[in-house]
Amino acid sequence: MSLTIATWNINSVRLRIGNVERFLKLRKPDVLCLQETKCPDEFFPHQAFEALGYKHRLIQGMKSYNGVAILSKVPFTATKIHHRCGKEDCRHIEAALDTGNDPILIDNLYIPAGGDIPDPGVNDKFAHKLEFYREMAEWFAERRPKPRMRKGLRRIAVGDLNVAPLEHDVWSHKQLLKIVSHTPMEVELFGNMMAAMDWIDVPRRFVPENEKLYSWWSYRNTDWRKSNRGRRLDHILATPALSSAIRSHHIDVDMRDWEQASDHVPVLATFDV
DNA sequence: ATGTCTTATTGTATAAGA
């Protein structure tokens, strides 16, 4: 079966539920992973998703900040809510998708943005971000399939990881080296997390590393398209067991122009599972 | 880099986070 996964930092699911519905009708992903829902669970707009066939929903939200959700047409065989760095701040949920074959595990992540100053000694938010990356690398390493497991493990991780790892994941590598999201320290920890599970960077399977690729443009630019000072903060990662199943990818850049747009646009990938 | 958007509140202006 064909499986399309989308990830989107929605920056308030209630404010932008109209845009979510429009996106789902347009792209019809099988699974949508949202971050920054900013919505306590009791207020989550379930009916909008139910009406469009997303009958399987795992949500973990809170007041004001953060919040993640997995909305799926595909049933779950298991779900988990994870607490990271000793906090309960709604940043990691996990579901097993019932694809008929081995279930595919999907992690939906909202990694801390990290504040403005890239120094963990003076900026607690940056320290939290680094700690989150270290914890994820360790957690994935513990789940890495043993060499004797020849078929490997089918796992997909998506979300707003708040790091643009490659030179051409930002508009100016040189000018952003000291800007949080592209500092060498963050990029190194991102790399450690990638190595922990041998993750494949799915969009970069299709777009060469010397081409610009972004999923986020700041609200602070008056004309985002003209200045085009973007960053690739939103990611889709897949394990080697899914390597031959990867079919296509798409970043919905034009959605940055939609009425009352999020500052992030959806990233999609299709697998033949 | 600048400077915008969202949420919440000792609220109709301000602060915090991104």
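**Pockets**

I looked up the largest pocket in this predicted model and found that about 790 Å³ of space lies in it. For the terms I noted that, on a 1 Å grid over the protein atoms alone, a pocket is an open set of points with protein on both sides within 12 Å along at least five of seven lines, whereas a cavity is a set of points where a 1.4 Å probe fits but cannot get out, and that lining residues have an atom within 4 Å of a point. Grid points are joined across faces, edges and corners, and a volume is the space filled by probe spheres set on the points.

The largest pocket has 24 lining residues, and I listed Asp-116, Trp-216, Ser-218, Arg-220 and Arg-231 as those nearest its centre. By class I recorded nine nonpolar, eight polar and seven charged residues in this lining, where Ala, Val, Leu, Ile, Met, Phe, Trp, Tyr, Cys and Pro count as nonpolar, Asp, Glu, Lys and Arg as charged, and the others, Gly among them, as polar.

I then turned to the second largest pocket, whose volume is about 290 Å³; 16 residues line it, and Asn-66, Arg-91, Pro-112, Ala-113 and Lys-125 are the closest to its centre. Helix α3 (residues 124-143) gives the largest share of this lining, three residues, and the classes come to four nonpolar, five polar and seven charged. Helices (H or I, at least four residues) and strands (E, at least two) are DSSP runs, numbered from the N terminus.

**Conventions**

I kept in mind that residues are numbered from 1 along each chain as its sequence is written, and that chains are lettered from A and ligands numbered from 1 in the order in which they are written. Local features need pLDDT of at least 70 and side-chain atom pairs count only at pLDDT 80 or more, while totals for chains, interfaces and linings use all residues, and side-chain values use heavy atoms, with hydrogens and water left out.

**DNA strand B**

I counted as near any residue with a heavy atom within 4 Å of the strand, and on that basis 19 residues surround DNA strand B, the closest being Ser-12, Arg-16, Ser-64, Tyr-219 and Arg-220. Sugar and phosphate make up 61% of the atoms of DNA strand B that come within 4 Å of the protein. The surface residues near the strand divide into five nonpolar, five polar and nine charged.

For polar contacts (pairs of N or O atoms within 3.5 Å) I noted a polar backbone atom of Ser-64 at 3.2 Å from a phosphate oxygen of DNA strand B. On the base side, an N or O atom in the side chain of Arg-220 is 2.4 Å from a base nitrogen of the strand, and an N or O atom in the side chain of Arg-229 is 3.4 Å from a base nitrogen.

**Cavity**

I found one cavity of 30 Å³ or more, and the largest cavity holds about 40 Å³ of space. Its lining includes Trp-8, Asn-19, Met-255 and Arg-256, and by class the lining has five nonpolar, three polar and one charged residues.

**Sheets**

I traced one open sheet of six strands in the order β3-β4-β2-β1-β14-β13, with mixed pairing, where two strands pair if DSSP finds at least two bridges between them. Why do β3 and β13 each have one side without a neighbour in the sheet? Both β3 (56-60) and β13 (246-251) stand at the edges with a single partner strand, so one side of each is left free of a neighbour there.

Strands β1 (residues 2-9) and β14 (residues 267-272) run antiparallel and are joined by six bridges, with Asp-272 as the bridge partner of Ser-2.

Terms used:
Polar contact = N/O pair within 3.5 Å; in protein donor to acceptor, adjacent residues only side chain to side chain.
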